[in-house]
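Here's a quick tour of one protein chain, from its overall build down to a handful of individual residues. Keep the viewer open while you read.

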Amino acid sequence: MKGCVQIYTGNGKGKTTASFGLALRAAGAGLKVYIVQFLKKGNYSEIKALSRFKNITIKQYGLGKFIKGNPSDEEKAAGIEGYQKSCEILKNNKHDVVITEEANVAVMCNLISEKELLALIDMKPANVELVITGRGATAAVIEKADLVTEMKEIKHYFKKGVTARVGIEK
């Protein structure tokens, strides 16, 4: 099977959900999935659920907080570690699906460069499905992708004061 590059971007809700839905579908088909989560840290409900699958591995490379301004040395180190792990997973070619969750945001926050993300796409083995999520996908990343979906916010209950709910947003 030829692997493609998928991008889920935009300001709307659903980028992570779409990529994790793909992970579940792949796992159900017996494929091996590796998920690298940039920026995130914590035992979210989706982590608990996905950890039940022996053919899904998920690792977090973040400090679990929003980056405002220039990233700290610790934030940069976590981003670099996530990028290096993504490269290693692709080079080893032992997984059928590799999801780099919030990689576009890692570029926006200067944890990794656009050039590095493009290099990640270039090193993807032909048989691997590479999924890149996060708002702010650059034009060059979009150009290299085989599929790009933009989640567009029309209306969001957060604006009415609804906070993240366990099992729905976290």
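How much accessible surface does the chain have, and what share of that belongs to carbon and sulfur atoms? The surface comes to about 9,300 Å², and carbon and sulfur atoms account for 52% of it. Bear in mind that this is a predicted model.

**The overall build**

Walk along the sequence and you'll meet the pattern β-α-β-α-β-α-β-α-α-β-α-β. The radius of gyration of the chain is 15 Å, close to the 15 Å that the globule rule gives for 170 residues, so the chain is as compact as a globular protein of that length. In total there are six helices and six strands. Along its principal axes, the C-alpha trace spans about 45 × 35 × 30 Å.

Of the 170 residues, 44% are buried. Among contacts with a separation of 6 or more, 73% are between residues 24 or more positions apart. On the charge side, you have 27 positive and 18 negative side chains, and the centres of the two sets lie 7 Å apart.

**What's inside**

The largest nonpolar core has 30 residues, and the members that touch the most others are Val5, Ile7, Phe38, Ile112, Leu117, Ile121 and Ile132. Strands E1 (5-9), E2 (33-38) and E5 (129-133) each supply at least two residues of this core, and so do helices H3 (73-92), H4 (103-108) and H5 (114-123). There's also a second, separate core of 16 residues, with Leu22, Leu50, Ile58 and Val97 among them.

Want one residue to click on? Try Ile112: leaving aside neighbours within four places in sequence, Ile112 is in contact with Phe38, Gly79, Tyr83, Ala103, Ala106, Val107 and Leu117.

**Four residues to look at**

Here are the relative accessible areas of four residues.

| Residue | Relative accessible area | Class |
|---|---|---|
| Histidine 95 | 11% | buried |
| Glutamate 102 | 15% | buried |
| Aspartate 96 | 24% | partly exposed |
| Phenylalanine 158 | 39% | partly exposed |

Histidine 95 sits in the loop between H3 and E4, and aspartate 96 lies in that loop too. Buried or partly exposed: how does histidine 95 count? With a relative accessible area of 11%, histidine 95 is buried, because the cut-off for buried is under 20%. Aspartate 96, at 24%, is partly exposed.

Not counting residues up to four places away, histidine 95 touches Lys32, Val33, Tyr34, Thr57, Ile89 and Val128. On the same basis, aspartate 96 touches Leu31, Lys32, Asn127, Val128 and Glu129. So Lys32 turns up in the contacts of histidine 95 and in those of aspartate 96. Aspartate 96 and leucine 147 are 51 residues apart in sequence, with their C-alpha atoms 17 Å apart in space.

Next comes glutamate 102, in the loop between strand E4 (97-101) and H4. This acidic side chain's residue counts as buried at 15% relative accessibility. Which residues does glutamate 102 touch, beyond those up to four places away in sequence? They are Thr16, Phe38, Leu39, Lys40, Thr133 and Gly134. Phe38 is also one of the well-connected members of the largest core.

Finally, phenylalanine 158 is found in the segment after strand E6 (147-150). Phenylalanine 158 is partly exposed at 39%, and beyond its neighbours within four places in sequence, phenylalanine 158 is in contact with Thr163, Ala164 and Glu169.

Definitions and conventions
Residues are numbered from 1 along each chain as its sequence is written. This is a predicted model: local features need pLDDT of at least 70, side-chain atom pairs count only at pLDDT 80 or more; totals for chains, interfaces and linings use all residues. Side-chain values use heavy atoms; hydrogens and water are left out. A nonpolar core is a set of buried Ala, Val, Leu, Ile, Met, Phe, Trp, Tyr and Cys residues joined through side-chain atoms within 4.5 Å. Buried means under 20% relative accessible area, exposed over 50%, partly exposed in between (1.4 Å probe, protein chains only). Helices (H or I, at least four residues) and strands (E, at least two) are DSSP runs, numbered from the N terminus. Contact means heavy atoms within 4.5 Å. The radius of gyration is taken over C-alpha atoms; the globule rule is 2.2 Å times the number of residues to the power 0.38. Accessible areas come from the Shrake-Rupley method with a 1.4 Å probe; for residues, only the protein chains shown count as cover. Lys and Arg count as positive and Asp and Glu as negative; His and the chain ends are not counted. The place of a charge is taken as NZ of Lys, CZ of Arg, CG of Asp or CD of Glu.
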